[in-house]
Structure formats: structure tokens, C-alpha cells
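Got your viewer open? Grab the mouse and follow along, one selection at a time.

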Amino acid sequence: MGYEITHWIGGQEVATAGSTQPIMNPATGREVGTLHLGDEATVDQAVQVALESQKGWAKVSLAKRTQILYRMRQLMIEHTDEIAVVISREHGKTVGDAKGEIARGLETLEFATSITQDLKGGFSANVSTGVDAHTLRQPLGVVAGITPFNFPAMVPFWMHPIAIATGNAFILKPSERDPSASNIVARLYQEAGLPDGVFQVVHGGKTVVDALCTHDGIKGVSFVGSTPIAKHVHATASAAGKRVQALGGANNHAVVMPDANVEFAAAQVASGAFGSAGERCMAVPVAVTVGDIHDEFIAAIKAEAEKLVVGPGDDERTDMPPVITPDAKARVIRMTDEAEQAGATIVVDGRGLVVEGHENGNFVGPTIITDLAADHPTYTEEVFGPVLVVMHVNNFDEAIDLVNASPFGNGTAIFTDSGHYARRFGDEIQVGMIGINVPIPTPVGYYSFGGWNDSLFGEHHAHGPEGVSFYTRQKAVTTRWPSQNETVESSMSFPTH
Ligand code: NAD
């Protein structure tokens with residue numbers, strides 16, 4: 001029922017005869033479409049097309065590649081409303097939030113339009129007498145991107161504009177929960193003039209992921225998703241000899257110092273904890289109050305949570321949308337139950353919330369938990385829902401120790417008026433992305449995005465300069481042009497300058 005989403009291979013829709021999966025609307029619990037799931041043969045079909053297309057694409061001038069990216073940017077802007085509605089229907093997030101992720105994704109495309117600058121190599125004349133040296137960066141070939149459900153536009157955009165700008169062919173395997181945005185992007189790339197086969201989409205689950213990680217024709221794999229799958233993709237694709245960047249899960253802490261502006265901190269932490277129902281890798285599921293600010297912060301964050309309107313993403317009044325699946329809702333409720341059974345205080349309780357007219361939607365209200373032990377799974381694990389755990393410590397050093405004890409290291413923030421503590425925080429914290437009075441410190445597209453520890457496996461962060469390094473290999477060329485009558489005695493010694 002509803003619409004059908006097929007693969008996009010060689011510039012056209014390609015259906016598979018095999019299995020399918022329903023696409024659900026999280027706000028209604030109703031099926032809205034059917035997704036074709038690929039297999040090893042589908043991956044191979046896309047790779048063979050990509051191998052052919054990439055040969056030609058790598059020879060296209062940088063100026064022409066850039067012009068296509070500019071056209072793509074314009075088309076994305078013109079189709080933002082259409083794509084945002086599709087994302088909201090399949091993911092659940094508000095239409096405004098979906099427009100925001102498209103705009104943030106376009107930052108990477110905008111960065112990629114200056115690939116003419118980023119692919120400039122180095123040149124040194126006369127490194128030895130009559131000898132020059134230069135470097136150049138060349139594409140890997142065919143590369144794949146495997147992406148999560150929570151940013152169906154932005155996260156793929158962290159990858160494909162740079163991969164394509166640097167001369168690769170890109171195969172996207174989007175999340176099977178909200179796949180439609182990727183097919184719209186594929187159609188727009190075609191309209192922008194990108195040769196068929198340079199950007200393709202293969203839908204599916206584990207079978208397709210594993211085929212992408214092991215196919216000989218693929219030279220690089222970018223992954224974003226949960227930590228267990230990031231580890232699996234990193235291990236599988238690395239063992240198959242590929243370059244891999246695998247970004248994993250998170251459990252980001254916001255430290256609230258005694259000198260913080262408590263209203264400001266509470267409003268910012270609430271947006272980090274409950275925006276997009278907490279389903280952001282840079283969400284703030286943990287606040288750490290330091291010293292005597294705890295009670296004041298609890299009162300302020302409670303007031304923020306109680307203000308929020310929970311509802312469907314296509315209703316303009318909605319602040320907080322449903323979570324992605326009934327299973328995700330059940331996990332939030334179970335982890336809240338377990339915290340309560342362990343003696344925690346449930347300051348705001350989102351369990352049992354019903355949105356009128358959307359009784360079958362995956363709704364759960366904002367939840368705030370405190371007085372929880374530091375080894376309880378509701379604190380240590382990624383809940384990935386609208387749950388804020390407020391931990392309390394006595395001083396700054398204890399806050400640093402608590403944040404650094406988490407196995408994840410994606411993002412973190414400190415709220416303070418003290419430059420001294422802000423600077424120490426940036427220096428001592430073992431986390432990849434840090435906000436000083438900024439709750440969701442997602443780097444802009446021309447910087448690179450990546451966590452530490454269990455939040456990233458592989459050498460390279462995503463997008464920005466590290467994206468260019470990831471999708472290219474460097475060559476160093478040493479050149480001498482002797483005159484035709486120049487003679488040199490042969491020498492068996494290692495050459496020096
Ligand atoms: P997920 O790990 O379940 O899925 C990610 C991708 O892996 C999907 O394309 C999915 O089809 C595939 N996949 C799922 N199970 C698989 C398996 N057993 N074998 C092979 N492939 C498999 O993640 P999700 O639920 O879609 O997304 C939420 C997770 O992503 C959270 O943990 C969140 O923190 C993380 N995330 C991290 C970042 C980051 O930048 N570090 C960004 C966004 C999301």
C-alpha cells in the first residue's frame with residue numbers, strides 16, 4: 001500500500017523481486033509505503049555501474065564538477081519544502097526540524113563547491129639540483145555510505161558531496177526506516193547534470209551493508225549509526241582492505257557549573273535533550289550539576305520540559321515529535337521503569353502520554369530523572385529518546401572524571417561564566433566535539449565532525465578537510481628533465497640532495 005521506494009541504479013529506478021519492508025509513519029503508526037530491499041546481486045549491479053561511471057567522472061574538470069554542485073545546491077533549496085515533508089512523514093520529526101537538517105547538510109555541499117582549492121597539491125622547485133616535487137590527490141574510486149535513520153538528509157550529505165567532488169562514484173545505503181529522501185536527492189543530482197551512476201542508492205539492511213563492506217569494487221566505506229554496528233562495519237570493511245570511517249553512538253553530557261546562568265543553561269539543555277525527541281547523536285541526554293546549583297537547575301529544567309507540546313511533526317504547534325518505532329518507545333519506557341525501580345526520582349514522567357487523535361503513534365513525553373547511580377544502565381547506555389538524566393557532583397574535577405568515564409566521546413558542553421573552567425574543560429575532556437555555553441556543538445560543514453572513543457572507529461572524521469582526505473589518496477611526484485646531452489655517472493648509493 002502507499003508508495004513504493006525502489007533502488008536508484010544507473011540513473012533510474014530499479015525494483016528488486018525479493019523482500020520488501022513497510023515504511024511506517026511514526027505519528028500515526030500507519031504504513032505509508034513499501035521499500036524494496038536489495039541483496040548481494042543488487043550491490044554488485046550498482047558497483048559495476050559505478051566502476052564504469054567513475055572512470056569518466058574522474059576525468060571531468062574541477063570547474064564542471066563544481067558547476068554541477070552549484071546546480072544541485074539550487075535544486076535542493078527549491079525542493080527543501082517537499083523533502084522536509086517526506087522526512088517528517090517517515091522519521092516523525094517536525095517539518096521545521098527537517099528543513100534545518102537539510103540546511104545543515106547543504107553546508108557540506110557548499111564546502112565541496114570549493115574543491116578547486118582543496119585539491120590543490122604542493123609544489124617545490126629544485127628539491128635537488130634540476131629536480132622538482134609535487135603532490136596531487138586522486139579519488140579512491142567507488143565508495144559507499146551507510147547512514148542512520150535520525151538524519152536522513154544531513155548525514156548522507158556529510159559524505160556524498162565531498163566524495164563526488166573529489167572524483168569518486170558514491171553508493172548510498174540509507175536507513176530502511178526513512179529511505180525516500182535519498183531517492184529525491186538522486187533524482188535532483190541527475191537533474192543537476194551529474195552523470196548517471198556517479199550517485200546511486202541501494203536500499204536494504206544487514207545483507208546490503210555486509211555486501212558493501214566486502215565487495216572488491218568498493219575502496220572506501222563511510223558509516224554513521226550505533227556503536228555495535230559501527231564496530232562491525234569497521235572490522236568487516238577493514239578486513240576486506242577498505243578505508244573505513246565509522247561513526248558510532250553517543251551519550252553526551254552537559255556540565256552546569258555553579259556560576260552558570262541557570263535559565264539559559266536549562267533552556268539550552270532542554271533543546272538538546274528533547275529536540276527531535278532526543279534522537280540526535282549530538283543530543284544532551286545527561287546534565288551534570290556541579291555544587292549547589294542542582295535544585296535550582298532541576299526546577300528550571302522541569303519548567304522547560306513541562307512547556308513542551310508533544311505532537312505530530314506536521315503540526316506547527318509541535319515542539320517534540322514521536323520516536324521512530326514502537327520498539328524505541330518501549331525502550332524509553334523500560335529504561336525509565338528500571339531507573340525508578342533502582343530508587344531514582346522521576347522529576348518529569350513521559351510514560352503514558354497519549355496524543356489525542358494519534359493514539360497509535362510512538363509518542364512518549366519528555367522525561368527527567370535524577371538521583372540515579374553512576375553505574376545504572378539508564379545513565380551509562382544510550383537511551384536515544386527524550387530522557388534527560390541529571391547527575392550531581394561536588395566540584396569541577398569530579399565533573400571532568402564523570403564525563404571522561406563514559407565509554408562514548410561524541411559531544412559535550414559546559415555552561416559557565418568562567419573562562420578559566422571553560423578553558424580547562426576544553427583541554428581536559430576526552431571528547432571529540434565540545435560546546436562552551438553551546439549545547440549541541442555540531443561543527444559547521446567546513447570543519448570536520450567526529451567523536452572519540454566508542455563514538456568513532458577509523459582515522460578520519462566526517463566532512464570538511466578530513467572528508468577530502470578520506471575520499472582521496474595522495475601521490476608525490478618527483479620530476480627531472482635532463483637535457484638531451486646531459487650525462488651522469490651511475491651510482492649505487494642511496495640518492496641524497
Ligand atoms: P543503526 O546502527 O541501527 O543503523 C545504522 C545503519 O546500519 C542503517 O543503515 C542500518 O540499516 C544498518 N544496520 C543496522 N543493523 C545492522 C546490522 N546488524 N548489520 C549491518 N548493518 C546494520 O543506527 P540507527 O538506529 O539507524 O541510528 C541511531 C544511532 O546512530 C544512534 O546510536 C546514534 O547515536 C547514531 N548516530 C551517530 C552519529 C554520529 O555522528 N556519531 C550521527 C547520527 C546517528
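Here is a short tour, from the domains down to helices and strands. Keep in mind that this is a predicted model.

**Stop 1: the two domains**

Start by colouring residues 3-249 together with 451-477: that is domain 1. Give 253-436 another colour, and you have domain 2. The C-alpha centres of the two domains are 31 Å apart. Where they touch, domain 1 puts in 21 residues and domain 2 puts in 27. Now select α3 (80-91), α4 and β21 (452-453), since each of these supplies at least two residues to the side of domain 1 that touches domain 2. What kinds of residues make up that side of domain 1? The split is 6 nonpolar, 11 polar and 4 charged.

**Stop 2: α4 and α6**

Stay with α4, residues 95-112, and add α6, residues 154-165. Their axes come within 8 Å and cross at roughly 15°. Angles under 35 degrees count as roughly parallel, so that is the label for α4 and α6. The crossing is right-handed. Show side chains to see who takes part: from α4, the list includes Glu101, Arg104 and Leu109, and from α6, Phe157, Trp158 and Ile162 are among them. Sorted by class, this contact has 9 nonpolar, 2 polar and 2 charged residues.

**Stop 3: a three-stranded sheet**

Next, switch to cartoon view and pick β6, β7 and β23. They form an open sheet of 3 strands in the order β6-β7-β23, with antiparallel pairing. Which strands stand at the edges? Those are β6 (123-128) and β23 (472-480); each has a single partner strand, so one side of each is left without a neighbour in the sheet. On average, neighbouring strands here are turned by 30° against each other, ignoring direction. Zoom in on β7, residues 131-139, which pairs with β23 over 9 bridges. To find one bridge partner, click Arg137 and look across to Gln474 in β23.

**Stop 4: α10 and α11**

Finally, hop over to α10 (residues 262-274) and α11 (residues 294-307). These helices pack at about 50°, with axes 9 Å apart, which makes α10 oblique to α11. Left-handed or right-handed crossing? For α10 and α11, the crossing is right-handed. Among the contact residues are Ala266, Val269 and Phe274 of α10, plus Phe297, Ala300 and Ile301 of α11. By class, you'll find 11 nonpolar, no polar and 3 charged residues in this contact.

Conventions: Residues are numbered from 1 along each chain as its sequence is written. This is a predicted model: local features need pLDDT of at least 70, side-chain atom pairs count only at pLDDT 80 or more; totals for chains, interfaces and linings use all residues. Axes are lines fitted to C-alpha atoms, for helices over the stretch in contact, and angles run from 0 to 180 degrees between N-to-C directions. Helices (H or I, at least four residues) and strands (E, at least two) are DSSP runs, numbered from the N terminus. Angles under 35 degrees count as roughly parallel, over 145 as roughly antiparallel, 65 to 115 as roughly perpendicular and the rest as oblique. A crossing is left-handed if the near helix is turned anticlockwise from the far one by less than a right angle, and right-handed if clockwise. Two residues are in contact if their C-beta atoms, placed from the backbone, lie within 7 Å. Ala, Val, Leu, Ile, Met, Phe, Trp, Tyr, Cys and Pro count as nonpolar, Asp, Glu, Lys and Arg as charged, and the others, Gly among them, as polar. Two strands pair if DSSP finds at least two bridges between them. Domain bounds come from an automatic or database domain assignment.
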